[in-house]
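Colleague: Before I use this model, I would like to go through its labels and hear the grounds for each.

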Amino acid sequence: MQIKANLVFWGYFLILFSAQSAILKISPHIMHIKKQRLLTPGPTPLYPPALRAMMASDIHHRTEDFRNIYKSVLADLKQVMGTSNDVLLFAASGTGAMEASVSNLFSRGDKVIVCSAGKFGERWAEITKAYGLEVNILKSEYGDVVSAERVEAALAAAPDTKGVFVQASETSTGAAHDVRGMARAIAKTPAIFAVDAITGLGTMPLDIDGWSLDVVIGGSQKAFMVPPGVAFLSISPKAWKLAETATLPHYYFDLKKEKKNGDKGESSWTPSTALILALGEALTYVKQIGMANLIENAQMLARATRAAAKELGLELFAAGSPGSSVTAVKAPRGLDSGVIVKEFRSRFGAVIANGQGSMKGQIFRIAHLGYFDFADLFGVIAGLEIILHANGHPVKFGSGVAAVEQVYADAAVAQLAGTR
Ligand SMILES: *Cc1c(COP(=O)(O)O)cnc(C)c1O
């Protein structure tokens, strides 16, 4: 009996000790050079020629030179967004264009529907409430989505609804909404459809004109590969019509004024000249690649990330409708996702995203939007394997990376065979 108890004691000690040694075996200080890598879903990695273009910003915005640049940026945005609707831009982060779409198109007390499935859906709810709209919030749990059927039913129950708001890609959870299905239900009603596509543009197909998306919002620091500070939006004729009767107060974000000036190649206020130059360079690159291929790039990386997570025994957060802008992965049981985020920084100089709000500590997010490639992902997944291992979650080194390689190889073979 005594011997057995002793054995149990020493066995327990041995397990503790070996777990401890697994942690100690992988020092975080092995590398003397750690490249700074920004791998979050916004701001995203910068396109180097765009960064260099910013240095030419010793230019005045009320000159012919700048007017030409501004005009071509607006035209290129229209082209890559694939719309004949007006496209306007503001010196603001993405939220500025979200606010502009509310303050310019609605009146106090207007009935609207907000689809909320994450932190950015909550932002729509906050903005519309701040402006005194009567908001019906269709809420879903984090990681889930709001279905097109729910939107259709809510519209049927309140036919005088003036607008519906959604995130194409809910960056906080990694989920993507059925924008097309929602648009079908909304287009036959008087309501306009405002889509926060800040991480949707360049990561998922969005046929603005074909699907009747009335307002589509983007931001510079997501798939457009330049620093934060420029927000833009497309506006349909149906939305412009609503602007005619809208009475909410606004000043800086004035769509009509911006349209009038934009047609002359000017912005209403001093534009962010450096960022406009950068955006011009990045848009040239996006046109060269093709928007469809930029989307496919993100979709491929997202597919590879999901395959790697599965191989490493990790669960996806938005497993039901994962988007391609970012993949949210649940940290393994007993490990705070903040530890993973912190170790990416301390071991590899890389910044990846933690969960937001109540998801903090539960999930970490691997981004795919914009200037990301397979070499980035090989590194991220290899780093993840090392971090998991160092924290007592042993993995077979290379197994996650192999899953990524397999997706790359399959796609490359399919392309040669002409089946893709
Ligand atoms: C980044 C982002 C925004 C805008 O946030 P800003 O900080 O204002 O740029 C809005 N919606 C979504 C889905 C986003 O990912």
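The exchange below takes up the ligand site, the cavities, a salt bridge and two backbone features.

Modeller: Bear in mind that this is a predicted model.

Colleague: What makes Ser93 a polar contact of the ligand?

Modeller: The limit for a pair of N or O atoms is 3.5 Å. An N or O atom in the side chain of Ser93 is 2.5 Å from an oxygen atom of the ligand, so the pair counts as a polar contact. For the side chain of Thr171 the distance to a ligand oxygen is also 2.5 Å, and a polar side-chain atom of Lys222 lies 2.7 Å from an oxygen atom of the ligand. Both of these values are therefore within the limit too.

Colleague: How much of the ligand does the protein bury?

Modeller: The ligand taken alone exposes 380 Å², and 88% of that is buried by the protein.

Colleague: Which residues are the closest to the ligand, and which elements give two or more residues to the shell?

Modeller: The ligand is surrounded by 14 residues, with Ser93, Thr95, Thr171, Asp196 and Lys222 the closest. Two or more residues come from each of α4 (94–105) and α5 (119–130). The most come from α4, which gives three. By class, the shell has eight polar, three charged and three nonpolar residues.

Colleague: Why is the space beside Leu89 and Phe90 called a cavity, and not a pocket?

Modeller: A cavity is a set of points where a 1.4 Å probe fits but cannot get out, whereas a pocket is open, so the term says that this space is closed to the probe. The count is three cavities of 30 Å³ or more. The largest has a volume of about 90 Å³. Among its 14 lining residues, Leu89, Phe90, Ala91, Ser267 and Pro271 lie nearest the centre. Strand β2 (residues 86–91) has the largest share of that lining, three residues. The lining has nine nonpolar, four polar and one charged residues.

Colleague: What lines the second largest cavity?

Modeller: The second largest cavity holds about 50 Å³ of space. Its lining includes Leu39, Leu301, Ile366, His368, Asp373 and Asp376. Both β14 (363–367) and α14 (374–390) supply at least two residues, and α14 has the largest share with three. Seven of the lining residues are nonpolar, one is polar and two are charged.

Colleague: How do you know that Asp76 and Lys287 form a salt bridge?

Modeller: The cut-off is 4 Å between a side-chain nitrogen of Lys or Arg and a carboxyl oxygen of Asp or Glu. The closest N and O atoms of Asp76 and Lys287 are 3.0 Å apart, so the pair qualifies. The pair links distant parts of the chain, with Asp76 in helix α3 (residues 64–81) and Lys287 in helix α11 (residues 273–289), 211 residues apart. The structure holds 13 salt bridges. Side chains of opposite charge can pair when their charged atoms come close.

Colleague: Why are Pro43 and Ser212 singled out?

Modeller: Most peptide bonds are trans, and most residues other than glycine have a negative phi. The peptide bond from Gly42 to Pro43 is cis, with omega near -5°. Pro43 sits in the loop between β1 (37–38) and α2 (48–53). Ser212 is not a glycine, yet has a positive phi of about 65°. Its place is in the loop between α8 (208–211) and β9 (215–219).

Conventions. Residues are numbered from 1 along each chain as its sequence is written. This is a predicted model: local features need pLDDT of at least 70, side-chain atom pairs count only at pLDDT 80 or more; totals for chains, interfaces and linings use all residues. Side-chain values use heavy atoms; hydrogens and water are left out. A residue is near a molecule or strand if one of its heavy atoms lies within 4 Å of it. A polar contact is a pair of N or O atoms within 3.5 Å; within protein, one must be able to donate a hydrogen and the other to accept it, and residues adjacent in sequence count only if both atoms are side-chain atoms. Accessible areas come from the Shrake-Rupley method with a 1.4 Å probe; for residues, only the protein chains shown count as cover. Helices (H or I, at least four residues) and strands (E, at least two) are DSSP runs, numbered from the N terminus. Ala, Val, Leu, Ile, Met, Phe, Trp, Tyr, Cys and Pro count as nonpolar, Asp, Glu, Lys and Arg as charged, and the others, Gly among them, as polar. On a 1 Å grid over the protein atoms alone, a cavity is a set of points where a 1.4 Å probe fits but cannot get out, and a pocket is an open set with protein on both sides within 12 Å along at least five of seven lines; lining residues have an atom within 4 Å of a point. Grid points are joined across faces, edges and corners, and a volume is the space filled by probe spheres set on the points.
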